[in-house]
Amino acid sequence: MSAIISTTPRASDPLKWKKHWYLVAWGLREGSRLRETIRRFRMEDYAECLEEVLHTLRSEPGRHVYIVKLIHPVRFYKLPNIVVQSEPDAEAALRWLDEADLSEFSEIWYCRNEAAHRGMVFGRMMIGFSSLFPAVCPSRVELVWGASARVIERYPATDCPFAAIEKGNWNAAPVITELLPHGEDEASLRYTAAQILEKLSSHTKRIVEAGEYVFQRGCRHLCLEFSFYDGKLEFIDWDSDHDARILLYPDR
């Protein structure tokens with residue numbers, strides 16, 4: 001198999017992979033789960049990557065959505081990606097790759113996500129730094145039902161249920177400040193939001209430690225992205241206002 005298997009980040013790994021591994025280092029994600037959801041291939045093996053996607057699409061039709069990403073050795077944001085949900089999508093992606101200039105990229109990945117449906121929630125938790133952190137930590141949680149977390153960025157022009165929850169500090173009672181039900185039962189949405197907040201609170205210690213790590217390196221904000229389905233919450237990504245300070249200078 002030419003797929004690249006990593007147990008821990010290596011010096012030669014692209015920064016995008018190292019960034020994903022920070023969630024593992026912070027205790028917010030299992031390394032085995034990360035390897036399960038992201039498959040890495042050398043760029044020249046892009047055909048094998050798409051063949052594997054095609055195989056799983058055929059064996060589990062309609063169950064997953066695949067994000068095929070071109071990975072740069074150093075750049076870690078705004079990388080080209082292709083959404084693949086069907087066999088024609090995968091075949092079109094392969095044709096595009098056959099014609100594209102891939103010389104600047106070192107790897108190609110596919111990320112396997114559960115297909116979006118009404119029972120799935122994506123969200124992000126935004127934490128701001130203050131001189132009293134973590135005693136006082138203004139935070140905001142945003143949730144969107146049945147879509148990806150990227151839909152949150154389109155608020156208020158969303159076409160699926162959306163909620164925003166704010167807390168003045170870690171111990172304050174959360175308040176739903178915005179709720180767009182879009183035809184769904186409002187009480188059910190509030191119940192799910194309460195479940196998610198309870199799950200997030202169980203990770204408070206690790207979230208605080210992650211925040212301290214980020215803020216000690218000169219960042220002012222940390223955003224943790226997560227999914228919630230069937231009672232299970234999973235952190236899937238993170239961002240700050242200055243990722244390079246963490247990825248390029250991790251020991252500072």
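With which residues is Ser240 in contact, leaving aside its neighbours within four places in sequence? In this predicted model, Ser240 is in contact with Val214, Cys219, His221 and Ile246 once those sequence neighbours are set aside. Ser240 itself belongs to strand S11, which spans residues 232-240, and its relative accessibility of 16% places it among the buried residues, because buried means under 20%. The side chain of Ser240 also takes part in polar interactions: it makes a polar contact with the side chain of Asp243 at 2.6 Å, while one of its polar atoms lies 3.1 Å from the backbone nitrogen of His242.

A second feature concerns the packing of two helices. Helix H3 (residues 46-59) and helix H4 (residues 87-99) have axes that come within 9 Å and cross at roughly 175°, and the two helices are therefore roughly antiparallel to each other. Their contact is formed by Tyr46, Ala47, Leu50, Leu54, Leu57 and Arg58 of H3, which meet Glu87, Ala90, Ala93, Leu94, Leu97 and Asp98 of H4. The residues of this contact comprise 9 nonpolar and 3 charged ones, with no polar residue represented.

As to the cysteines, the structure contains 0 disulfides. Cys111 is in no disulfide, the nearest cysteine sulfur being that of Cys49 at 9.3 Å, and Cys111 counts as buried at 8% relative accessibility. Cys160 likewise counts as buried, with a relative accessibility of 9%; its sulfur lies 17 Å from the closest cysteine sulfur, which is in Cys223, and this separation is too far for a bond.

How values were computed:
Residues numbered from 1 in each chain as written. Predicted model: local features only at pLDDT ≥ 70, side-chain atom pairs only at ≥ 80, totals over all residues. Heavy atoms only, no water. Disulfide = S-S within 2.5 Å. Buried < 20%, exposed > 50% of the residue type's maximum accessible area, 1.4 Å probe, protein only. Axes fitted to C-alpha atoms, helices over the stretch in contact; angles between N-to-C directions. Helix = DSSP H or I, 4+ residues; strand = E, 2+ residues; numbered from the N terminus. Parallel < 35°, antiparallel > 145°, perpendicular 65-115°, else oblique. Contact = heavy atoms within 4.5 Å. Nonpolar A, V, L, I, M, F, W, Y, C, P; charged D, E, K, R; others polar. Polar contact = N/O pair within 3.5 Å; in protein donor to acceptor, adjacent residues only side chain to side chain.
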